There are 2 protein chains.
Amino acid sequence: MRRHIAAVSAATLLGLACATGVAEARPASLYAPSAVVLTVTQGEDETTVVRASTLSCAPTAQGTHPDPEAACAALAATAGTLDALLAAPDSNRACPMHYDPVTVTADGVWQGRRISWKHTFSNTCAMSVTFNGNPVFAF
Amino acid sequence: MRRHIAAVSAATLLGLACATGVAEARPASLYAPSAVVLTVTQGEDETTVVRASTLSCAPTAQGTHPDPEAACAALAATAGTLDALLAAPDSNRACPMHYDPVTVTADGVWQGRRISWKHTFSNTCAMSVTFNGNPVFAF
């Protein structure tokens, strides 16, 4: 049993050494990176981006987003499943039913895992009612 | 001829007015957004991101990238075609041929157009030689 533990430890150390070597002696971060680009695009396809914000949430909240702290907290609340942003619409507001679509996207990394999310709303009113004050796309 | 110019101007103004209206009276930016998330990942797939940086290049260079100005200038030199980053390897350096792949990605927006680029190098040496001092992935 003791030998087994020793073998595992050696393998772990070797693994660490190799990982460090691959990263060219650059010290590994103590946190998994969380960095996204958020965009708002007119239309259904995503060819012409109207607005874009960067957001980095580790080790501190920063970016061109106007409120990085709030946006990082709201993203953290989704645990990387951004459909959660659609789950709490304002039930007291109504929207005209005209179709003038707006697409929002989030691409990048959340806690070390790549994310690529997009959602198309029928118009900006539907977007505003659905996000219901959520700060992630408030830029 | 004068009438033609007047018609074009009216159409332009109408277009501007509509664009502003759709954006919910938010003033349109004077610049096309340029914002990317850059990642470095161990392996061929992109599931576990080792390092990530955000970079916003308009109106000013900023982000968690250690040298946003240099990285934005280098990205501007590619004109959004990031394969150009691979075009000037250091011909004076050799690399061991072992396979320990590293994947780099760039996702986001460049001058209003969405970009999604990735490239896998056989090892970190190959990456370093290929980028040849280019600052975009130097983080």
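**Note on a predicted two-chain model: salt bridges, symmetry and disulfides**

1. Arg114(B) has a relative accessible area of 24%, which makes this residue partly exposed. The value, like every other in this note, is computed from a predicted model. The partner of Arg114(B) is Asp107(A): their side chains meet in a salt bridge, with an N to O distance of 2.6 Å. This pair crosses between the chains, since Arg114(B) belongs to strand 4 (residues 113-121) of chain B and Asp107(A) to strand 3 (residues 102-110) of chain A. Is Asp107(A) buried or exposed? With a relative accessibility of 7%, Asp107(A) is buried. The salt bridge therefore brings together a partly exposed arginine and a buried aspartate.

2. A second salt bridge is formed by the side chains of Asp107(B) and Arg114(A), at 2.7 Å from N to O. Here too the pair spans the two chains: Asp107(B) sits in strand 3 (residues 102-110) of chain B, and Arg114(A) in strand 4 (residues 113-121) of chain A. Asp107(B) is buried, at a relative accessible area of 7%, while Arg114(A), at 25%, is partly exposed. How many salt bridges does the structure hold over all chains? The count is two.

3. The relation between the chains deserves a separate remark. A turn of 180°, with a shift of 0.0 Å along the axis, lays chain A on chain B with an RMSD of 0.0 Å. The two copies are therefore related as by a two-fold rotation axis. Both copies use the same surface, as 97% of the contact residues of chain A recur in chain B.

4. Strands 3 and 4, which carry the salt-bridge residues of chain B, also pair with each other within that chain. Strand 3 of chain B and strand 4 of chain B run antiparallel and are joined by nine bridges. One of the paired positions is Val104(B), whose bridge partner in strand 4 of chain B is His119(B). The two strands form a hairpin with two residues between them. Which residue of this hairpin takes a positive phi near 45°? The residue is Gln111(B).

5. In chain A, the loop between helix 2 (68-78) and strand 3 contains Leu86(A). Apart from neighbours within four places in sequence, Leu86(A) makes contact with Trp117(A), His119(A), Phe121(A), Thr130(A) and Phe131(A). The distance from Leu86(A) to Tyr99(A) is 19 Å between C-alpha atoms, for a separation of 13 residues in sequence.

6. Over all chains, four disulfides are counted. One of them joins Cys57(A) to Cys72(A), with the sulfur atoms 2.1 Å apart. The torsion about this S-S bond is about -90°, so the disulfide of Cys57(A) and Cys72(A) is left-handed. Cys57(A) lies in the loop between strand 2 (49-56) and helix 2 of chain A, and Cys72(A) in helix 2 itself, so the link ties together parts 15 residues apart in sequence. Cys57(A) and Cys72(A) are both buried.

7. Chain A also has a disulfide between Cys95(A) and Cys125(A), at 2.0 Å from S to S. The link of Cys95(A) and Cys125(A) is left-handed, with -85° about the S-S bond. How many residues separate the two cysteines, and which parts of the chain do they link? The separation is 30 residues, and the link connects distant parts of the chain: Cys95(A) is in the loop between helix 2 and strand 3 of chain A, and Cys125(A) is in helix 3 (residues 124-131) of chain A. Cys125(A), at 15% relative accessibility, counts as buried. Counting bonded cysteines along the chain, the disulfides of chain A follow the pattern 1-2, 3-4.

8. In chain B, a disulfide is formed by Cys57(B) and Cys72(B), whose sulfur atoms are 2.0 Å apart. The disulfide of Cys57(B) and Cys72(B) is left-handed, because the torsion about its S-S bond is about -90°. The link runs from Cys57(B), in the loop between strand 2 (49-56) and helix 2 (68-78) of chain B, to Cys72(B) in helix 2 of chain B, across 15 residues of sequence. Are Cys57(B) and Cys72(B) buried or exposed? Both Cys57(B) and Cys72(B) are buried.

Conventions
Residues numbered from 1 in each chain as written. Chains lettered and ligands numbered in written order. Predicted model: local features only at pLDDT ≥ 70, side-chain atom pairs only at ≥ 80, totals over all residues. Heavy atoms only, no water. Least-squares fit on C-alpha atoms with pLDDT ≥ 70 in both. Contact = heavy atoms within 4.5 Å. Salt bridge = Lys/Arg side-chain N within 4 Å of Asp/Glu carboxyl O. Helix = DSSP H or I, 4+ residues; strand = E, 2+ residues; numbered from the N terminus. Buried < 20%, exposed > 50% of the residue type's maximum accessible area, 1.4 Å probe, protein only. Pairing = 2+ DSSP bridges. Disulfide = S-S within 2.5 Å.
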